[in-house]
Amino acid sequence: MKLYPILSALSPHDVVEAPPREGLASQLEMIHRLVSTRVAVVDRIAVVAHDVQTGLLKTLVSSSHDDGRPLHHEVALADVPTLSELARQRGTRVIHDIARDLQSSSHSTWLKLHHYQSSVTTPIYQGNELAGFLFYDAKQLHAFTDADVEKLVEFTDLIAHLFLTQRRLARGIVSAIQVAVDMARSRDFETGQHLERIAYYSRIMAHALAQSHGLSDEYIEYLELFSPLHDIGKVGIPDHILLKPGRLDAEEYEIMKRHVPMGESIIRRISQDLGLVGSLQEQVMRNIVATHHERGDGSGYPRGLTMDQIPLEGRIVAVADVYDALSNRRAYKDSWNDDAVCTELRAEAAKGLLDKTCVEALLAATDERASIKLRFADARVADDYA
């Protein structure tokens with residue numbers, strides 16, 4: 001997992017490299033080493049999360065003896081009847097020959113491609129709600145004996161406990177964030193569906209850059225989850241500036257820029273209240289809020305960072321924010337057509353203002369961008385589609 005800098009709120013130009021506190025991925029790797037001492041045939045352990053709202057199964061974390069980990073794999077639970085049935089039964093499934101016994105799916109195809117031949121799978125529940133699945137995979141046929149499956153039970157309980165604890169924590173973060181986001185939304189009539197669009201645009205870029213930048217599934221989930229917080233500090237900006245129907249003058253703009261340190265203060269408080277200080281969650285949240293107005297040539301604010309000093313999450317959200325601002329109406333401007341927006345983003349990337357790789361990652365996803373714009377169109381724009 002690549003580490004990203006966490007910015008000091010006290011020093012305008014100081015970027016401190018601080019490794020995040022161990023998360024679920026690191027914990028799973030340690031457990032895998034322990035599992036190997038008891039059940040040596042386990043070559044891979046994976047936790048797949050179930051999104052109740054969308055019905056999607058999404059690989060969250062995995063630990064394997066090689067580098068062939070799937071990144072950001074998603075599939076609808078309804079499209080995998082064997083897992084749907086396993087979830088209903090709440091039992092444990094043992095497959096001795098994946099090629100022979102496992103129905104064709106994107107996940108089974110990946111397992112076969114990486115030479116996994118046996119598997120033990122258990123659904124994880126939080127109360128009556130399916131939270132996900134735990135997979136133990138082996139690269140030999142008939143790898144798991146009944147005794148092995150019994151030995152794995154205690155590890156399954158431990159991993160499930162860690163996963164559910166992380167899930168409850170994430171939900172606590174979401175609840176805290178939602179309060180803050182609702183505050184911002186209630187005070188800024190131009191916000192509309194901007195926050196939702198930013199989240200999905202950010203995820204598009206992170207998916208595209210995952211392989212080249214070594215991004216984990218955890219990181220991408222946090223990036224999508226926390227990107228709507230980018231302007232949360234606006235709750236501290238006076239209404240006559242925040243709601244001004246036109247461009248700000250120089251003095252007003254200086255006041256508006258204060259929303260960044262105000263936002264950092266809010267994130268710091270959320271992190272302290274939820275026990276997240278030093279965690280990956282806190283780093284992603286703070287870096288988004290602190291750096292999405294920075295520009296690669298040092299002309300941004302509040303720290304005047306250059307491109308190599310801006311963490312990836314800040315560069316991603318900056319591109320998403322600029323793209324969305326140009327694509328939608330504002331009190332002081334009409335929306336631009338997509339060709340004009342793409343041209344402008346590439347021009348800003350050429351000047352070194354925006355990260356070129358992030359810009360191209362977003363612009364390459366033509367269909368996804370169009371779908372997001374339509375699905376999360378502001379009310380006045382949505383009327384145009386009616």
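**Exercise 1. Helix 14 and its surroundings**

Task: In this predicted model, find which residues of helix 14 are buried and which helices they pack against.

Solution.
Step 1. Go through helix 14 and pick out the buried residues: Cys358, Val359, Ala361, Leu362 and Leu363.
Step 2. Look at what surrounds them. The buried residues of helix 14 pack against helix 6, helix 12, helix 13 and helix 15, the last covering 366-375.
Step 3. Check one residue by number. Cys358 has a relative accessibility of 0% and therefore counts as buried, since the cut-off for buried is under 20%.

**Exercise 2. The largest nonpolar core**

Task: State which residues touch the most other members of the largest nonpolar core, and which helix gives the most to this core.

Solution.
Step 1. The core has 45 residues, and those touching the most other members are Met205, Ile316, Val319 and Leu345.
Step 2. List the helices that each supply at least two residues of this core: helix 6 (194-213), helix 7 (217-226), helix 11 (280-291), helix 12 (312-327), helix 13 (338-350) and helix 14 (356-364).
Step 3. Helix 12 gives the most, with nine residues.
Step 4. Take Leu345 as an example. When neighbours within four places in sequence are left aside, Leu345 is in contact with Val319, Val322, Tyr323, Leu326, Leu354, Val359 and Leu363.
Step 5. Another core lies apart from this one; it has 28 residues, including Val35, Leu134, Ala160 and Phe163.

**Exercise 3. Helix 7**

Task: Decide whether helix 7 is largely enclosed or largely open, and give a reason.

Solution.
Step 1. Name the buried residues of helix 7: Asp217, Glu218, Tyr219, Ile220, Tyr222, Leu223, Glu224 and Phe226.
Step 2. These make eight of the 10 residues of the helix, so helix 7 is largely enclosed by the rest of the structure.

**Exercise 4. Strand 8 and its partners**

Task: Describe how strand 8 is covered and how it pairs with strand 3 and strand 7.

Solution.
Step 1. Strand 8 spans residues 129-138, and nine of its 10 residues are buried.
Step 2. Strand 3 and strand 8 run antiparallel and are joined by six bridges. Val48 has Phe133 in strand 8 as its bridge partner.
Step 3. Strand 7 (residues 118-126) also runs antiparallel to strand 8, with nine bridges between them. Ser118 stands opposite Ala138 in strand 8.
Step 4. Look at the link between strand 7 and strand 8. The two form a hairpin with two residues between them, and Gly127 in the turn has a positive phi of about 70 degrees.

**Exercise 5. A buried arginine**

Task: Locate Arg44, say whether it is buried or exposed, and find what its side chain is joined to by a polar contact.

Solution.
Step 1. Arg44 belongs to strand 3, which covers residues 44-50.
Step 2. The relative accessibility of Arg44 is 2%, so it counts as buried.
Step 3. The side chain of Arg44 is joined to that of Asp137 by a polar contact of 2.5 Å.

**Exercise 6. Cysteines**

Task: How many disulfides does the structure hold?

Solution.
Step 1. Recall that a disulfide is a covalent bond between the sulfur atoms of two cysteines.
Step 2. The structure holds zero disulfides.
Step 3. Cys342 counts as buried because its relative accessibility is 9%.

**Exercise 7. Backbone features in loops**

Task: Find where His115, His142 and Pro302 lie, and describe the backbone at each.

Solution.
Step 1. His115 is in the loop between helix 4 (106-113) and strand 7. Its phi is positive, about 70 degrees, although His115 is not a glycine. At 55% relative accessibility, His115 counts as exposed.
Step 2. His142 is in the loop between strand 8 and helix 5 (146-187). The phi of His142 is also positive, near 50 degrees. At 48% relative accessibility, His142 counts as partly exposed.
Step 3. Pro302 is in the loop between helix 11 and helix 12. A cis peptide bond joins Tyr301 and Pro302, with omega about 5 degrees.

**Exercise 8. The whole chain**

Task: Give the number of helices and strands and the share of residues that count as buried.

Solution.
Step 1. The protein chain has 16 helices and eight strands.
Step 2. Of its 386 residues, 52% count as buried.
Step 3. The chain exposes about 17600 Å², and carbon and sulfur atoms supply 53% of that area.

Technical notes. Residues numbered from 1 in each chain as written. Predicted model: local features only at pLDDT ≥ 70, side-chain atom pairs only at ≥ 80, totals over all residues. Heavy atoms only, no water. Core = buried A, V, L, I, M, F, W, Y, C linked by side-chain atoms within 4.5 Å. Buried < 20%, exposed > 50% of the residue type's maximum accessible area, 1.4 Å probe, protein only. Helix = DSSP H or I, 4+ residues; strand = E, 2+ residues; numbered from the N terminus. Contact = heavy atoms within 4.5 Å. Polar contact = N/O pair within 3.5 Å; in protein donor to acceptor, adjacent residues only side chain to side chain. Disulfide = S-S within 2.5 Å. Pairing = 2+ DSSP bridges. Areas by Shrake-Rupley, 256 points an atom, 1.4 Å probe, with all protein chains shown as cover.
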